[in-house]
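Biologist: Hello! I am new to this structure and would like a close look at one part of it, the cysteines, with a little of the setting afterwards.

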Amino acid sequence: CEMCGGAEAKYKCPRCLTYSCSLPCVKKHKAVDGCNGVRDKTAFTPLSHFNEMHLLSDYRFLEDIGRLADIANRDHTVHRPTTSKSLNIMKNRARKHNIDLKILPIGFTKRRENSMYFNKKEQMFYWHVKLLFPQSHTEYTEKRVPSSKTLQELLKKYVDPVEADPVIRQKLKVYTMVSLSELRIFMKVENQKHNSIR
C-alpha cells in the first residue's frame, strides 16, 4: 500500500494508478493527492501499452459522446429562438433612443431576473437596476426604474440622512456620512476585459 506502507495493496486508483489496501487508505489518497478517483477517459496511452481494454474503453467513450449529442438534438429548449418579437421591438426602440441594448441568451440568470421593459404609451424605458455598496458588502435591486429618474433620486431612499429607511441607512452608515454630491458612482462595463483601457 502506497499510503500506509504496512499492508498488501488490494486496490488500484483508476485515475492515477496509486495502490492502496483499504477504504481509509483510498480516502486518504484522495484527500492528500487531490484525486477524484475517476479514470481519465481521454488520457494518452502509448501504442506499446494499448490493448483490447483500451480499445473497448475508447469505443464506449465515443458511444457516450454520440448519446449526449443525440439528447442535445432532441432538446427543444436548445433549438427554440433566443429572441422574441417583443425583444426585437425593444431593441429597435433602444436604437432610436441611442441605447446599445444587449440581450443575454436564454438560460442566463441575469436575463431571467431582469424586469426591464419599454412603455409604448410613455415612450420610456423602465430599467432593472442593481445597486452595489462594496464598503458595506450590501446590494439592492430596483425594479422598473423610469429613464427620467436620476441616480441621485434613486439613491436618496438608501443614503439620504432624512429620507432613507432607518434600517437601510444603518447598513449603509459609511455612505450616509457624506453628502450625495460627494459619493462616487461607477457603472460596470460589460463585455470588456478586466483592467482594459476605457
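How far is the sulfur of Cys21 from the closest cysteine sulfur, and which residue holds that sulfur?

Modeller: Happy to help! This is a predicted model, where local features need pLDDT of at least 70 and side-chain atom pairs count only at pLDDT 80 or more, while totals for chains, interfaces and linings use all residues. Residues are numbered from 1 along each chain as its sequence is written, and side-chain values use heavy atoms, leaving out hydrogens and water.

Now to your cysteine. The closest cysteine sulfur to that of Cys21 belongs to Cys4, 3.7 Å away, which is too far for a bond; a disulfide is a pair of cysteine sulfur atoms within 2.5 Å. Cys25 is in no disulfide either, as its nearest cysteine sulfur, that of Cys21, lies 3.7 Å away. The structure as a whole holds 0 disulfides. Cys21 is buried (under 20% relative accessible area, 1.4 Å probe, protein chains only), with a value of 12%. Cys25 counts as buried too, at 9%.

Next, the setting. The largest pocket (an open set of points on a 1 Å grid with protein on both sides within 12 Å along at least five of seven lines) has a volume of about 2,200 Å³. Its lining is made up of 46 residues, with His128, Val129, Lys130, Met187 and Glu190 nearest the centre; a lining residue has an atom within 4 Å of a point. Helices H4 (85-96), H5 (109-113) and H6 (151-159) and strands E4 (124-133) and E5 (138-146) each give two or more residues to this lining, and E4 gives the most, with 7 residues. By class, the lining has 26 nonpolar, 8 polar and 12 charged residues.

H6 deserves a pause. Leu154, Leu155, Tyr158 and Val159 are its buried residues. Seen down the helix axis, they fall within an arc of 115°, so they line one face of H6. Among the elements that cover them are E4 and E5, together with helix H7 (166-171) and helix H8 (173-176).

Finally, the second largest pocket has a volume of about 400 Å³. It is lined by 17 residues, and Pro14, Arg39, Asp40, Thr45 and His54 are the closest to its centre. Helix H2 (residues 52-74) gives the most to this lining, with 4 residues. Here the classes are 7 nonpolar, 4 polar and 6 charged.

How values were computed
On a 1 Å grid over the protein atoms alone, a cavity is a set of points where a 1.4 Å probe fits but cannot get out, and a pocket is an open set with protein on both sides within 12 Å along at least five of seven lines; lining residues have an atom within 4 Å of a point. Grid points are joined across faces, edges and corners, and a volume is the space filled by probe spheres set on the points. Ala, Val, Leu, Ile, Met, Phe, Trp, Tyr, Cys and Pro count as nonpolar, Asp, Glu, Lys and Arg as charged, and the others, Gly among them, as polar. Buried means under 20% relative accessible area, exposed over 50%, partly exposed in between (1.4 Å probe, protein chains only). The arc is that of the directions from the helix axis to the C-beta atoms. Contact means heavy atoms within 4.5 Å.
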